[in-house]
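Biologist: Could you take me through one part of this model closely, namely the place where the ligand sits, and then go on to whatever else can be described with care?

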Amino acid sequence: MTFSVHGLAVSRGIAIGRAVLVASSRADVTHYFIDASKTTEEIARVRLSRNAVIDEITRLQQDLPKDAPPEISALLDVHLMLLQDELLITGVKHWITDRHYNAEWALTTQYEIIARQFDDMEDEYLRERKADLEQVVERILRHMKGAASPMLPAAQAGASRKQSQQDLLLDDTLDVPLVLVAHDISPADMLQFKQSLFAGFATDVGGKTSHTAIVARSMDIPAVVGARSASQLIKQDDWVIIDGDAGVLIVDPSPIILAEYGFKQRQGELERERLNRLKHTPALTMDGQRVELLANIEMPEDTLGAVKVGAVGVGLFRTEFLFMGRKGKLPDENEQYLAYRKAIEGMQGLPVTIRTVDIGSDKPLDRLVGKAQDGHLNPALGLRAIRWSLADPPMFLTQLRAILRAASHGQVNLLVPMLAHASEIRQTMGLIDQARMQLDNKGIPYGPVRLGAMIEIPAAALTLKLFLRYFDFLSIGTNDLIQYTLAIDRSDESVAHLYDPCHPAVLRLIADTIAECQRQGKGVTVCGEMAGDPSMTRLLLGLGLRSFSMHPSQILAVKQQILRADASKLTAWAAQVLDSEDPASLIQN
Ligand code: PEP
Ligand code: MG
């Protein structure tokens, strides 16, 4: 039966496909598609590990001391029974053979299915057997870890999987688009999925500017977050429509609904084709004001997409993505240098703004998703971004040296996140000098960099003169500026309705920052999600902004707004919006 689940629209477009449920507790399990020729091998991996676990438990049982409580032996019996359950292995075989999931993914998928069946059982004793099943699956996974097969990028293995919507409706077999449904996905895992062919994403938790949502947007595929109990209501392999414009998931749609969304999907594609024609058009307002449209990237390879849509540089390289999901082993100086250099070369002579690492809050180093990571109760207010860097000078110096070295290959701006205190600014400047000295001492060449600070804490926006004394340019991180001004956790869907980019206090801080930079002749960019929201373009232009940085996927839609705008007329209107009690109502009209 068709039903819908509502959430927050974070990445536009419509995706229609079969649900792949990924439990966040299983986020450490790799997910990739195997090549069809590897099916037998992959099934054998699970079988071998299962048999090894059966041997292990049988031995355990045989070696039990005579006086061991009978419950232990009974428990081991249950484990053996679960291991030999045909439902487990037949299911695993199905996911590997028919869907080309890798062994670990197939096993955890089948675990989720059986676990749900346990959840639905009336009998409490049977319901509790879910925990035993989990232990058994853990054991098999641990065994497989020892004999893991090399990872094959999903994009490559699934290259033949793309099909037109028409085919999808006619052919309900192997080659159908897949949509990912999870309780939560960490930004690092999301990045891994960037290589895959998922047609859309949906998560139970998350806000519009949570980093998981940001990565989904950078992939330019439909996504809905904050859909509360989606991962409970949707079952493995259900047909799901993800409406990334309205923030709705439609499960098990009827043929009429499918046809309607198929139509909407085609309309969206046509709109994109129309926008594509603007690729080479210069970003000028109707009255001839030039506007700089820059790209936000997470990985050096993202420069490809940035150049393709005509970005005139990178306005924000979120380098923390190089640091995440590495089990604490951080990238060394050379690895970082090569990554920065690759981004610089990718931009073919255009400037690249490299932000120093912004780890913490909803971007943990490893897969600890959740509020209480590392025991910190409130990580958004804790050791994050520049605070994290200053707490570990050798780590920070390594990154600074890598950026300075990369700067000898092109125009580089070095951007520092989340500064609030004069002491932090001075410490940062001191460390930049020290990094240069270290390179001098070793005779290693490096290039000049323009220094910039992010304005993302109200304290910074209220002490602009201090910042401009030290920095060449400022970049307004509206995602955090909103979070910290309104005391709203940007990744918490329960307060998402209060996360308001148009709050007069937020607009005032943005307006003052732009105005002060203009007065002092310093550069200013907005690099938060607001810059890529076409409904905010006119207002930002009216406030005097001429430099926007956003996901490459947003650039053309924003450019369209710029081409239609008369900047000279927007100044007075923006002043009215700033004074209004309800700015959103003026912006939408
Ligand atoms: C911001 O806060 O607006 C920003 C661009 O930084 P991030 O989203 O990475 O925190
Ligand atoms: Mg930020």
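Modeller: A residue is counted as near a molecule if one of its heavy atoms lies within 4 Å of it, and, with the reminder that this is a predicted model, that cut-off gives a shell of 17 residues around ligand 1, the closest being Arg318, Arg355, Gly477, Asn479 and Arg490. By class, this shell is made up of eight charged, five polar and four nonpolar residues.

Several polar contacts can be named individually. An N or O atom in the side chain of Arg490 is 2.7 Å from an oxygen atom of ligand 1, while the backbone also takes part, with an N or O atom of Thr478 lying 3.1 Å from a ligand oxygen and a backbone N or O atom of Gly477 lying 3.4 Å from an oxygen of ligand 1. Taken alone, ligand 1 would expose 280 Å², and the protein buries 100% of that area. The elements that each give two or more residues to the shell are α10 (211-218), β10 (314-318) and α20 (478-486), and of these α20 gives the most, with three residues.

Helix α20 also leads to the metal site, where the protein donors of the magnesium ion (ligand 2) are Glu456, through OE, and Asp480, through OD, at 2.0 to 2.2 Å from the ion. Because Glu456 belongs to the loop between β13 (449-455) and α18 (458-461) whereas Asp480 belongs to helix α20, the pair ties together parts that are 24 residues apart in sequence. Both Glu456 and Asp480 are buried.

Turning to another part of the chain, strand β7 (residues 239-243) is mostly covered, with five of its five residues buried. Trp239, Ile241 and Asp243 point one way from β7, and Val240 and Ile242 point the other way. On pairing, β7 runs antiparallel to strand β3 (residues 14-22), to which five bridges join it, and Gly17 has Val240 of β7 as its bridge partner. Strand β8 (residues 248-251) likewise pairs with β7 in the antiparallel sense, over four bridges, and here Val240 stands opposite Val251. β7 and β8 form a hairpin with four residues between them, and in its turn Gly247 has a positive phi of about 75°.

Conventions: Residues are numbered from 1 along each chain as its sequence is written. Chains are lettered from A and ligands numbered from 1 in the order in which they are written. This is a predicted model: local features need pLDDT of at least 70, side-chain atom pairs count only at pLDDT 80 or more; totals for chains, interfaces and linings use all residues. Side-chain values use heavy atoms; hydrogens and water are left out. A polar contact is a pair of N or O atoms within 3.5 Å; within protein, one must be able to donate a hydrogen and the other to accept it, and residues adjacent in sequence count only if both atoms are side-chain atoms. Accessible areas come from the Shrake-Rupley method with a 1.4 Å probe; for residues, only the protein chains shown count as cover. Ala, Val, Leu, Ile, Met, Phe, Trp, Tyr, Cys and Pro count as nonpolar, Asp, Glu, Lys and Arg as charged, and the others, Gly among them, as polar. Buried means under 20% relative accessible area, exposed over 50%, partly exposed in between (1.4 Å probe, protein chains only). Two strands pair if DSSP finds at least two bridges between them. Donors are N, O and S atoms within 2.8 Å of the metal (3.2 Å for Na, K and Ca); water is not among the atoms, so sites may look incomplete.
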